[in-house]
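User: I am new to this structure. Please walk me through it, and give me the reasoning behind each term you use.

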2 protein chains.
Amino acid sequence: MASTVEGADTALLPEFPRGPSMPTEQERPSGTWRVHLLLQISLPHLLRFQKTIFSALEKDPLFARSPGADLSLEKYRELNFLRCKRIFEYDFLSVEDMFKSPLKVPALIQCLGMYDSSLAAKYLLHSLVFGSAVYSSDGSEVLLECAQRTFSCFPSFCALTFRFLDVFALTELSHAVNTKAIRTTAHYDPATEEFIIHSPDFEAAKFWVGNMGKTATHAVVFAKLCVPGDQCHGLHPFIVQIRDPKTLLPMPGVMVGDIGKKLGQNGLDNGFAMFHKVRVPRQSLLNRMGDVTPEGTYVSPFKDVRQRFGVSLGSLSSGRVSIVSLAILNLKLAVAIALRFSATRRQFGPTEEEEIPVLEYPMQQWRLLPYLAAVYALDHFSKSLFLDLVELQRGLASGDRSARQAELGREIHALASASKPLASWTTQQGIQECREACGGHGYLAMNRLGVLRDDNDPNCTYEGDNNILLQQTSNYLLGLLAHQVQDGACFRSPLKSVDFLDAYPGILDQKFEVSSVADCLDSAVALAAYKWLVCYLLRETYQKLNQEKRSGSSDFEARNNCQVSHGRPLALAFVELTVVQRFHEHVHQPCVPPSLRAVLGRLSALYALWSLSRHTALLYRAERRCSCPGRRDRSS
Amino acid sequence: MASTVEGADTALLPEFPRGPSMPTEQERPSGTWRVHLLLQISLPHLLRFQKTIFSALEKDPLFARSPGADLSLEKYRELNFLRCKRIFEYDFLSVEDMFKSPLKVPALIQCLGMYDSSLAAKYLLHSLVFGSAVYSSDGSEVLLECAQRTFSCFPSFCALTFRFLDVFALTELSHAVNTKAIRTTAHYDPATEEFIIHSPDFEAAKFWVGNMGKTATHAVVFAKLCVPGDQCHGLHPFIVQIRDPKTLLPMPGVMVGDIGKKLGQNGLDNGFAMFHKVRVPRQSLLNRMGDVTPEGTYVSPFKDVRQRFGVSLGSLSSGRVSIVSLAILNLKLAVAIALRFSATRRQFGPTEEEEIPVLEYPMQQWRLLPYLAAVYALDHFSKSLFLDLVELQRGLASGDRSARQAELGREIHALASASKPLASWTTQQGIQECREACGGHGYLAMNRLGVLRDDNDPNCTYEGDNNILLQQTSNYLLGLLAHQVQDGACFRSPLKSVDFLDAYPGILDQKFEVSSVADCLDSAVALAAYKWLVCYLLRETYQKLNQEKRSGSSDFEARNNCQVSHGRPLALAFVELTVVQRFHEHVHQPCVPPSLRAVLGRLSALYALWSLSRHTALLYRAERRCSCPGRRDRSS
């Protein structure tokens, strides 16, 4: 029977059954936590949606769990393939539903990821990356043609996606982030109206391609487009058939295989491919960025390269925003495992007879509770950033080429490029802390913390190494300041994440005036300190960069020399500020009942202060520099 | 042909063969690195010894490697068993040789650990833990008797060790660190002159026991010794046969098995065991700590519990000292892998045409080089601490019951209890950084960084959770200060690690006076700062503890409330200081040639400053507190 507590349908989230050795008191102070989940963190319709998914998986023997099982690589990949296929068959999320309620996309991915990261990754790669690349190009025609030629019938989009659309091949063995150095070529031959896809050597082999290892039949291959006369126009995507769909044998000229065991996500078959002068029809070019006429002339709808680049930032961001969500779900699981263990595990106590739960120790709280707060703050941020991305993509789909749309793209790119590192690192460190805080039991495979750590690890790497991505964000902020200094422009962005910078000389004159610990339990205090810190770091980074350039460094050298000491902390502090700001606002919405606000407010303050404490040394140093006469000059 | 460079036999360490894409310059500035290795870090006789071991393994097909292979749990455990047996057959280290050249013990373990941590762990458990526990007790008689009854012949000590002596069972499912709460009992029955070993319930099952999962036939079981009249005398070790050596079936009353897959070290079969009223002869008690007469009277050679405890600290330390060495070897491997990758991997560059090795980027250097320095500093510390332990154990073996011997035991215990956390955490973080710094390639299983991380992880947990162990060290320092304050005692310890504290009020009056960056490149500067910091933290911790007690906290509460903010950083700063001090002295020995000292000195300064930088916020805060009038009171 569904009962209603403060308006929430608590039947959606029944009480946990009691374990044999749970502490008798303190464990369930009230039903508040459930109301909170229902009202604030998970919106009821999302919870209902997730419950449908979990119920379906629970009943399906294909999804039966064997924690800590010793699956072989082959068996695991086979199982993950079958499970992914089954998820498409369940068809949990229709296209209409997705448009009506976009948060169902991350909600679905979170369910799959909570079950198994490899499943979420395989599903995401099948349905989103390739799908979005293809469907945003006129090249979809050729795809449907191919499909019709290959399969006699394809009952639905989902089934088609799963059987046919497969992989997205950009990274090469020797190059990834530096896309300009990608070396696979696509020479156009006007005589046959074909492109010739070619890998010059093994370092140019496509590598790491998700889903390519075992079963992919077609790939979107990124190659340098060259037209007759050897004129090259940079990377463009081409659909290339790589395997025969009936036999799964490689197509002529294609060498394709599995790259082998990884640290985690071994249910996903990452592959490699090399192409020896493989000919594909002219229509295989996915032509949203640029096209080639039958005669061999290159044409592009974008006038300047910068505009073309701006549009492509949107698709870069979607990967990063997804990773934020994937990382946080791992942290959610780890924190839940470690806190439950800590509430039941008893060691030592005030007397020799009495042992207390380890969660009662200040040390255990200090180790674990900040990560609990981080889950709340980052999970909220992740959802809000996803909604921002939806706005961006809707603009893109409707052909919005306004300045605001371009600015929105840049702002989301800056936020995604720093929140992906923040979320993946927080999770990495949090899982490690949870693993250690559970002692030996945390080291048993069946307790899952190892799998979570291994599966989370690529979040630090793919879609760009975390440290390199942070440079995107610091560059964005430096660009805004340069614009302000040079043209007197205001700091304004569509999502308002940079608007506070407009007041930056004034902010830097502010002093930290809080006197009591109780005052600090309002996250507004940490927010003010963060704003000061970001202003300070932005000014210092800008000055340091100019100083480097004045002393003769090239732009390349100057940025490299500033990144460790200045750019990196600037980008991190900026995104932490944004996370804290959004969670603070969320907690202080008028609709949040006071009893909930008390709990959420403490989580908000804990996350904010804990994050800020990593910058303590910097704050002390900054204070000393700022109080030193002659140092108060503004950016120039 | 052996050539001689500055007196070193360089044939021991030939140049590496050139790889296909190594940078053409800068990679091999001179032969200095080899001389350095030969003269300074690895003493030539140790290097020769290690070369013998590696050459033997290289030629033996049983040790053929298949990087990133997908071994099943069963297969891996079987392989590791066979390899461990083979290592005993090779008999690399005779008992005489071990006494003559004790550093060969960690040298052998490092070789095995570099090959595979599971092998090193299995070997260590077989030969050291059990062996030392048994051989330091009169109980060895019963053991030899058992062996004679069980096997018709045992050709050598090594073979005997491997076939017979097996496991060391202390930890239970629900208790480990809190040994007083261990619940397995051993009731003495004078009627039959037997002990009855019993596990009251499943939470008292012995758990995590290395080597117990598959093949162990006998175990040293720690149980509460109780004599008639229900008088209990705490934990004592008993030899209990757990399996039939011919069939490997459990003995009557024993339930024994494998605990399943772990995050790493899966070549090692950790097991569990429960005992249902298993009777063992009176002589099964390993009686160095205490014995029971045939009539059932408890007798102990130790007059007071404190003395008995002091002796047992020695055996606790040996495990922790071994772990320091095991952790560092993992970091050595990880740093070598990441630096080689970074020297050959090229991405971006000053112009679009030219790509530079990623090691040239300040970011990559900032990420990796401190860990290179940490390897040098911690490896030296690990060896020196091992030699200190050898001194302690020699005193123990010769029956030295002097005050110095007891003090040495306490000092080594304090150093081992903090250096085990320092080494295992530095390695944990270092491997993670190396993994990420190698990008996607670091995520491929064949590149080994994942295995290193997984295999290093238990170093943070076994022999005591790192955070709990640090309390041992802070308690040691607080005890010394209390002794000084209450009895006017001097700070003096056999290894002199605490002697500087004698000058502590004076040290706290010192100011940091270094003005140039160049000056800081002498590790003496960081050393002075560390001494200041340890003095400051010791005084603050002592005051905070007393303040807690004055405000009504029990000793248990007071220590819990001080540990996060005070005791933990105190213990870490103290052991970092000791590591820096020892490496600094090592580098400045007169026998070190100046060209080498230049390089080693930079590594020493880098490690010292990098470690110290983690305390920067604390140094700023301390400076502010110390410069505030009225705060300069001494500990009271």
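User: Which residues does Arg282(A) touch, not counting residues up to four places away in sequence?

Analyst: This is a predicted model, so every value here is computed from it. Arg282(A) touches Tyr188(A), Glu193(A), Glu194(A), Phe195(A), Asp291(A), Val292(A), Thr293(A) and Pro294(A). Arg282(A) itself sits in the loop between strand S11 (278-281) and strand S12 (291-292) of chain A.

User: Why is Arg282(A) called buried?

Analyst: Buried means under 20% relative accessible area. Arg282(A) has 17% relative accessibility, so it counts as buried.

User: What makes the pair of Arg282(A) and Val292(A) a polar contact?

Analyst: The side chain of Arg282(A) reaches the backbone oxygen of Val292(A) at 2.6 Å. The cut-off for such a pair of N or O atoms is 3.5 Å. The distance of 2.6 Å therefore falls within 3.5 Å.

User: Why is Met98(A) called partly exposed?

Analyst: Partly exposed lies between the 20% and 50% limits. Met98(A) has 30% relative accessibility, so it counts as partly exposed. Its place is in helix H4 (residues 95-100) of chain A. Val95(A), Met98(A) and Phe99(A) make a nonpolar surface patch of about 260 Å².

User: How do you know that Arg183(B) and Asp201(B) form a salt bridge?

Analyst: The rule asks for a side-chain nitrogen of Lys or Arg within 4 Å of a carboxyl oxygen of Asp or Glu. In this pair the closest N and O atoms are 2.5 Å apart, so the rule is met. The pair links distant parts of the chain, 18 residues apart. Arg183(B) is in the loop between strand S3 (167-169) and strand S4 (185-189) of chain B. Asp201(B) is in the loop between strand S5 (194-198) and strand S6 (206-210) of chain B. At 29% relative accessibility, Arg183(B) counts as partly exposed. Asp201(B) is partly exposed, with a relative accessible area of 29%.

User: What makes Lys544(B) and Glu548(B) a salt bridge, and how many residues apart are they in helix H16?

Analyst: Their side chains meet at 3.4 Å, N to O. That is within the 4 Å limit, so the pair qualifies. Lys544(B) and Glu548(B) are four residues apart in helix H16 (residues 523-550) of chain B, so about one helical turn separates them.

User: Is Glu548(B) buried or exposed, and why?

Analyst: Glu548(B) has 15% relative accessibility, under the 20% limit, so it counts as buried. Lys544(B), at 22%, counts as partly exposed.

User: What joins Glu407(B) and Arg410(B)?

Analyst: A salt bridge joins their side chains, at 3.1 Å from N to O. Both lie in helix H11 (residues 403-437) of chain B, three residues apart.

User: How many salt bridges are there over all chains?

Analyst: The count comes to 60. Some are linked: Asp60(A), Lys85(A), Arg86(A) and Glu89(A) are in a network of salt bridges.

User: How do you know that the two copies are related as by a two-fold rotation axis?

Analyst: A rotation of 180° superposes chain B on chain A, with 0.0 Å of shift along the axis and an RMSD of 0.0 Å. The two copies are thus related as by a two-fold rotation axis. In chain B, the C-alpha nearest the axis is that of Ala617(B), 2.1 Å from it.

User: Why do you say that the copies meet through the same surface?

Analyst: Of the interface residues of chain B, 100% are also interface residues in chain A, so the copies meet through the same surface.

Note on methods: Residues numbered from 1 in each chain as written. Chains lettered and ligands numbered in written order. Predicted model: local features only at pLDDT ≥ 70, side-chain atom pairs only at ≥ 80, totals over all residues. Heavy atoms only, no water. Least-squares fit on C-alpha atoms with pLDDT ≥ 70 in both. Contact = heavy atoms within 4.5 Å. Patch = residues over 30% accessible without salt bridge, like charges linked within 9 Å, V, L, I, M, F, W, Y side chains within 5 Å. Areas by Shrake-Rupley, 256 points an atom, 1.4 Å probe, with all protein chains shown as cover. Helix = DSSP H or I, 4+ residues; strand = E, 2+ residues; numbered from the N terminus. Buried < 20%, exposed > 50% of the residue type's maximum accessible area, 1.4 Å probe, protein only. Polar contact = N/O pair within 3.5 Å; in protein donor to acceptor, adjacent residues only side chain to side chain.
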